[in-house]
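Subject: Structure for your review

Dear colleague,

Please find the structure below, together with its sequence. My notes on what was found in it follow.

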Number of protein chains: 2
Amino acid sequence: MSRILRINTREKTSSFEEAGGDYAGLGGRALTSRIIRNEVPPTCHPLSGDNKLVAAAGLLTGTIAANSGRISVGGKSPLTKGIKESNSGGVFSQKMAKLDILGLVLEDKPDEGADPAVIFIDKDSVKIEPAPELAGLGTYDSVDKLTQKYGSDAGIMVVGPAGENLLLGSSIQFTDPRGRPSRAAGRGGLGALMGSKKIKAVVVDDSGCKAPEMADKDAFRDAAKRWAKILTEHPVTGQGLPSYGTSILINIINEAGALPTKNFREGRFEFAQDISGEHMVELINERGGVAKEGCHPGCVIQCSQEFRDKEGKYVTSGFEYETVWAFGANTTIKDLDVISQMDRACDDIGLDTIEMGNTIAVAMEKGIVDWGDGPAALELLKRTGDPKDYLGRIIGNGAAFTGEALGVDRVPVVKRQALPAYDPRSVKGVGVTYATSTMGADHTAGYAVCQNILKVGGDIDPLCKGGNVDTSKALQIATAAVDSTGLCLFVAFAVLDTEDALEVVAQMISARFGIEFTPDDVSKAGTAVLKDELAFNEAAGITKAGDQLPEFFSKEKLPPHDTIWDYTIEELQQAKV
Amino acid sequence: MSRILRINTREKTSSFEEAGGDYAGLGGRALTSRIIRNEVPPTCHPLSGDNKLVAAAGLLTGTIAANSGRISVGGKSPLTKGIKESNSGGVFSQKMAKLDILGLVLEDKPDEGADPAVIFIDKDSVKIEPAPELAGLGTYDSVDKLTQKYGSDAGIMVVGPAGENLLLGSSIQFTDPRGRPSRAAGRGGLGALMGSKKIKAVVVDDSGCKAPEMADKDAFRDAAKRWAKILTEHPVTGQGLPSYGTSILINIINEAGALPTKNFREGRFEFAQDISGEHMVELINERGGVAKEGCHPGCVIQCSQEFRDKEGKYVTSGFEYETVWAFGANTTIKDLDVISQMDRACDDIGLDTIEMGNTIAVAMEKGIVDWGDGPAALELLKRTGDPKDYLGRIIGNGAAFTGEALGVDRVPVVKRQALPAYDPRSVKGVGVTYATSTMGADHTAGYAVCQNILKVGGDIDPLCKGGNVDTSKALQIATAAVDSTGLCLFVAFAVLDTEDALEVVAQMISARFGIEFTPDDVSKAGTAVLKDELAFNEAAGITKAGDQLPEFFSKEKLPPHDTIWDYTIEELQQAKV
């Protein structure tokens, strides 16, 4: 697997090249970030033709390695104006890998007023076809039409109206194994980048393709077997996540006093039980939904689910903790049914749920919608799909933008990206990640919730400063490496707790490519990714002044622990490579 | 003149202090920028209580020195997020000086929902009084009510609905000698900063106060006499500006091929004559307006005017070249009557005309209003006054914000502040200033139009790179010094061409304070101001990556000269101190 496919979206031309030279040996986030660093002018307007959208499969994607089917999508972020890698599940990446495409690069852009186009890739051809009939369609309807045209075996990467309308909170959605566009590269407004290039969807069909060749088949099989065992035997990846999905965290984080409630005013939500993973699974079982499923073939964690309404009708899948928190505790909406509709609306319009939950809370600060009013919040959210609805455009542009639009100065963002579901005052390790990540506020960039709360991979006091900077730094390096393999980030729970896990990952990479890859190389690879990203950001004008949380976290004590955010920018610099 | 008056807008308390220590010897921009650098956390949210709004009289303000009544207003800019000094005419500054107040500092802010307040200052007292009756009023109506209450001798600093609604394009308006709020500290959204502190207006009444004492009365009088002569004898300050106002530049800059037309697409406007200063003066004379007047007592340049409608009714005053260009050539509106209504609307709602003209052009890029459609543009502009009109809020937040809201990537801003009325591709010296100023795009920060086009103070080719970086740097230093004296920037035309002018300015400062101030000290003072500003900006996260024009200036050739913008960021760094 070594090809890069470049598509000029203005000329409607395509070309393959070997992923050699500076791109040799890179996959996933390592590849997207290197291409962006090398090829995108850091100070360009993110929606200009100079920006590029890069989708990359990981080094292990397409193999039998468990949970190796994630995809990295990168570009200069329309939201943060810095580099961005947004990571998603779905079936797209494995099909890319089987088509022997490691990276897909969308370049240039058509003139204003051009029709949207669809890129179709199979083993014989690359076609770029006009698709005016898809303009403005939601992702669910788009996928229906694309499946009719291209068949149900295809994997689809698609933007909704939000991306087409160039909204900064827009996502890129990916289809799951049942063809639903419920998986999202949500963060950083990459949907707008794809929309600016007038690409409505990319469809990959791997019919007739084989899995990538292994340099050492036997060694790979042995390592992959041990790998699956490591994942299934760990209590988090083997039991917790499969049982209740990621929403198992609602009760855990609430108990820890760190579930951000009412736009980060409190750490406990009175109605946490109503939106908990335990309650969600109860409802799913009552209504004939699916309590556990994977986002791609080969997933052994199965943290996903299918959520249905009271009539037993499908609403959404990939209904994550972050989403439930964002539209739930953070807005004080306690009705899981409304929250599921909001998740569905985001998937369909093509919006980041974390960004939108924060944005609605910011709008609630100004009384645009009352706190806790689910139906009104859902209606507000749906306005984002109408390009002529200016409040909708404001909301769809995210929390920082909405704060500016409405004159709210209490806006939980870092580098303009909204905060995830862990209050940084009481989970300080993840707070350090929010502040210092190359991505803006991003829990997945260095998930110190492990050490702070779950006590996986260490035990660091979540309420005090000590140890959290070092922990975040180590995790940011490891995460950048994991994001380059195509492995799901959740493998980290098991990897951090299992002595030979990193060795096994290195063995798989070695056996796949016939090289000597060591656990030490994993860390080196992660550091190299972060250095690429920091270099891009610096040249784009993002400095350490942006490595800090908004001031209200340093001024308002968070109940119940009454902690504040107390790191200086200088202290936080130690978390950077 | 040595007192600083601090007002805590939350506690409604005030206190005087001597302007000593680090603030000794500073006036105008030197004082606002030093206070902001010393006292405002650079990374604070501009609308949080941590930001401060500082208004400062110049070192010569309140004296008989011609054209010395300008005011500097500063803070962390809600628009650029960097330091800001916005300079205005009007009678406020001289009255401050006569009250022996050099600087006025508004601190902290009241809670959400507090009533607006009015600060009244006279020789006996400082009062901070609730003024709910002024909430949401335009500046003209506000001034009417304030004059009824406080008398017509007062000088008024006031925000309109735009400032109250915290819009990023909002101005602070000042009353002129006839009590009209037509003078603006327009740039950088400082109206929103004042609005965030819930101060609707500051009223200063200097009744019973004397002019400041001179250390050497005779020397001051002699120098001031020579100073007035220098200004009245120069062709620009003595004839050009008094005859046609600043709009004399319409034909000059159009002829030079540098009048930005249709959102910076061309350098000549087909209907330039219709909006020229010559035509404006014709209309004024026909309709019984006033063709020349000053913005403050003691002005000998008299570049202002009173513009009336076809029925002879007052529309606006202080109707400047930048405004006429912004709503005229840049939007291709050719009707001076509509343009005058747009100026009036901006003064009344409290908005920066340069920012709004650019913003409307950006909206025209998306067809929100058709190119050249004056009535529709005026209607769009007026929507900014309604806090519940979301398109109005978008427009009122300026060009960069509107570009993001509507998905336009061809947006002429630097550091989020919209470009003034000289195309940087064909007036490269002022382009260097736009790119490198601490203020964002700002012609007044280093007006190389002098050397490029007017051939005042030098002769530097406007179309080529050579010499323009050095010219801009020298002008930026000189301007920072001039902005600290309270002198009108237009004195520069005469100063640059008159051998003893700088010496005379130094003599006035020396005689005023009884110190030895030399022409060399002027340059040192200017450099010190810029160093304060650069230090603040760096700590706020504004780096050299922001010292550049949007990429379209480097890609699109500007007719008629077919020039492009061709400086690298590294080359531009040489323009900074």
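**A strand pair, its sheet and the chain around it**

In chain A, strand β9 (residues 155-158) pairs with strand β10 (residues 172-174) in the antiparallel sense, over two bridges. Please bear in mind that this is a predicted model. Within that pairing, Met157(A) has Phe174(A) of β10(A) as its bridge partner.

Strand β9(A) also pairs with strand β12 (residues 199-204) of chain A, again in the antiparallel sense, and here there are four bridges. On this side, the bridge partner of Met157(A) is Val202(A). Are the faces of β9(A) covered or uncovered? Both are covered: Gly155(A) and Met157(A) lie on one side, Ile156(A) and Val158(A) lie on the other, and all of these residues are buried. In a regular strand, side chains alternate between the two faces of the sheet.

These strands belong to an open sheet of six strands in chain A, in the order β8-β7-β12-β9-β10-β11, with mixed pairing. The edges are held by β8 (126-130) and β11 (183-185) of chain A; each has a single partner strand, so one side of each is left without a neighbour in the sheet. From one strand to the next, the twist averages 20 degrees.

Strand β7(A) deserves a separate description. It is largely enclosed by the rest of the structure, because five of its five residues are buried. On one side of β7(A) are Ala117(A), Ile119(A) and Ile121(A), and on the other are Val118(A) and Phe120(A); both faces are covered.

How is β7(A) joined to β8(A) and to β12(A)? Five bridges join β7(A) to β8(A), and these two strands run antiparallel. A hairpin makes the connection between β7(A) and β8(A) through four residues, and Val118(A) stands opposite Glu129(A) of β8(A). Five bridges also join β7(A) to β12(A), but in this case the strands run parallel. Here Ile119(A) stands opposite Val202(A) of β12(A). Val202(A) is thus placed opposite Ile119(A) in β7(A) and is the bridge partner of Met157(A) in β9(A).

Helix α3 (residues 139-150) of chain A lies across β7 (117-121), β8, β9, β10 and β12 of chain A. Relative to β9(A), the helix runs at about 140 degrees.

Outside this sheet, I would draw your attention to one residue in a helix. Thr433(A) is located in helix α16 (residues 428-436) of chain A. Why is Thr433(A) counted as buried? Its relative accessibility is 0%, and therefore Thr433(A) counts as buried. Leaving aside residues up to four places away in sequence, Thr433(A) touches Asp442(A), Ala445(A), Gly446(A), Ser472(A) and Gln476(A).

Some values for the whole chain complete these notes. Chain A contains 23 helices and 17 strands, and its C-alpha atoms fill a box of roughly 60 × 55 × 50 Å along the principal axes. Of the 577 residues in chain A, 65% are buried. Among contacts between residues at least 6 apart in sequence, 71% join residues at least 24 apart. The accessible surface of chain A is about 18,200 Å², and carbon and sulfur atoms account for 49% of this surface. Chain A carries 62 positive and 80 negative charges, and the mean positions of the two sets are 2 Å apart.

With kind regards

Technical notes:
Residues numbered from 1 in each chain as written. Chains lettered and ligands numbered in written order. Predicted model: local features only at pLDDT ≥ 70, side-chain atom pairs only at ≥ 80, totals over all residues. Heavy atoms only, no water. Buried < 20%, exposed > 50% of the residue type's maximum accessible area, 1.4 Å probe, protein only. Pairing = 2+ DSSP bridges. Contact = heavy atoms within 4.5 Å. Areas by Shrake-Rupley, 256 points an atom, 1.4 Å probe, with all protein chains shown as cover. Lys, Arg positive; Asp, Glu negative; His and termini not counted. Charge placed at Lys NZ, Arg CZ, Asp CG, Glu CD. Axes fitted to C-alpha atoms, helices over the stretch in contact; angles between N-to-C directions.
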